[in-house]
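I opened this model to go through its fold and then a handful of single residues. My notes follow in the order in which I looked things up.

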Amino acid sequence: MNGVRLEALAPPDGATAAAALDVATAYLPSALLNHSLRVHLWAAARGTTEGVPFDPELLYVAALFHDIGLVPAFDSHTVAFEEAGGHVARVFAAGAGWPAERRERLYGVIVRHMRPRVDVSVDPEGHLLARAAATDVVGSEADAYPSRFRDEVLDRHPRLDFAGVFLACFRDQAARKPASSAAGAVRSGLPGRMAVNPLDAST
């Protein structure tokens, strides 16, 4: 991954990507918005350098919406946050004119990002999103990225109080939805893994 350059990973052009950023900016607190933008960069960098064929617009929109089910406006008391976020993204994509099959792909990418493994041959965007989210949340595979690139990403989209905001959201989800993936993550030691995230140590 030594040749990865931040300037080569610009958001995709077009009205849909711009609108997705507008919606994410309107609803996500700054710490979660920056997290989503970092996740896009980690995912795009990995996909580009590992030769994973991915749809740039699909990956970008999925990254921006993957945690939107955590915010009060879109929180659900009946389904896990990733499912709620997938539904929001699917509605957004319908308004953007995406065909039904692509809307369903977007929903699936977001839902699967909480799974421990996503088959790259079946869902390349979901595979990249899941790994990138793990990188940003707990530092998984962070050392695979060159230190210069990591510093540039963190400088462009600072972590702010991400750890506190994110963990509070997950604990709230866990308390209200004990069978959810967020609850499982908290029970399996998420707070401890977040506490030793090297991306926080370097900021």
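The entries below go from the whole chain to single residues.

**Entry 1: the chain as a whole**

I note at the outset that the model is predicted. I looked up the secondary structure and found eleven helices and zero strands in the protein chain. Read from the N terminus, the order of elements is α-α-α-α-α-α-α-α-α-α-α.

I then asked how the radius of gyration of the protein chain stands against that of a compact globule. The chain has 16 Å, and a compact globule with 203 residues would be near 17 Å, so the two agree. Along the principal axes, the C-alpha atoms fill a box of roughly 45 × 40 × 30 Å.

I looked up burial next: 49% of the 203 residues count as buried. For contacts with a separation of 6 or more, I found that 72% come from residues 24 or more positions apart.

The accessible surface of the protein chain is about 8900 Å², and carbon and sulfur atoms hold 55% of that surface. I also checked the charges: there are 20 positive and 24 negative ones, and their mean positions lie 4 Å apart.

**Entry 2: aspartate 123**

I went to the loop between helix 5 (100-112) and helix 6 (124-138), where aspartate 123 sits. Is aspartate 123 buried or exposed? Its relative accessible area is 1%, and the cut-off for buried is under 20%, so aspartate 123 counts as buried.

I looked for a polar partner of this side chain and found the side chain of arginine 105, at 3.2 Å. Arg105 also appears in the list of residues that aspartate 123 touches, together with Gly108, Val109, Arg112 and Val118; residues up to four places away in sequence are not counted there.

**Entry 3: the loop before helix 11 and helix 10**

I moved to asparagine 197, in the loop between helix 10 (190-195) and helix 11 (198-201). Asparagine 197 is buried, with a relative accessible area of 1%. Setting aside residues up to four places away in sequence, I found that asparagine 197 touches Thr135, Asp136, Val137, Val138, Gly139 and Arg159.

I took one distance from here to glycine 108, a residue that is on the contact list of aspartate 123. The C-alpha atoms of asparagine 197 and glycine 108 are 27 Å apart, with the two positions 89 residues apart along the chain counted as their separation.

Methionine 194 lies in helix 10. I checked its accessibility: the relative area is 5%, and methionine 194 is buried. Which residues does methionine 194 touch, not counting those up to four places away in sequence? I found Val137, Val138, Phe162, Ala163, Phe166, Leu167 and Asp200. Val137 and Val138 are also among the residues that asparagine 197 touches.

I also looked up glycine 164, which is 30 residues from methionine 194 along the chain; their C-alpha atoms are separated by 9.6 Å.

**Entry 4: the N-terminal part**

I looked at proline 11, in the segment before helix 1. Proline 11 is partly exposed, with a relative accessible area of 44%. Beyond residues up to four places away in sequence, proline 11 touches His40 and Tyr60. Leucine 21 is ten residues from proline 11 along the chain, and I read 9.7 Å between their C-alpha atoms.

In helix 1 (residues 15-27) I picked threonine 16. With 13% relative accessibility, threonine 16 counts as buried. Apart from its neighbours within four places in sequence, threonine 16 is in contact with Glu57, Val61, Phe92, Ala96 and Trp98.

**Entry 5: positive phi**

I searched for residues with a positive phi that are not glycine and noted two of them. What is the phi of glutamate 141? It is about 65 degrees. Glutamate 141 lies in the loop between helix 6 and helix 7 (147-156). With 31% relative accessibility, glutamate 141 counts as partly exposed.

Leucine 160 has a positive phi of about 55 degrees and is likewise not a glycine. I found leucine 160 in the loop between helix 7 and helix 8 (162-176). Its relative accessible area is 55%, and the cut-off for exposed is over 50%, so leucine 160 counts as exposed.

Definitions and conventions:
Residues are numbered from 1 along each chain as its sequence is written. This is a predicted model: local features need pLDDT of at least 70, side-chain atom pairs count only at pLDDT 80 or more; totals for chains, interfaces and linings use all residues. Side-chain values use heavy atoms; hydrogens and water are left out. Helices (H or I, at least four residues) and strands (E, at least two) are DSSP runs, numbered from the N terminus. The radius of gyration is taken over C-alpha atoms; the globule rule is 2.2 Å times the number of residues to the power 0.38. Buried means under 20% relative accessible area, exposed over 50%, partly exposed in between (1.4 Å probe, protein chains only). Contact means heavy atoms within 4.5 Å. Accessible areas come from the Shrake-Rupley method with a 1.4 Å probe; for residues, only the protein chains shown count as cover. Lys and Arg count as positive and Asp and Glu as negative; His and the chain ends are not counted. The place of a charge is taken as NZ of Lys, CZ of Arg, CG of Asp or CD of Glu. A polar contact is a pair of N or O atoms within 3.5 Å; within protein, one must be able to donate a hydrogen and the other to accept it, and residues adjacent in sequence count only if both atoms are side-chain atoms.
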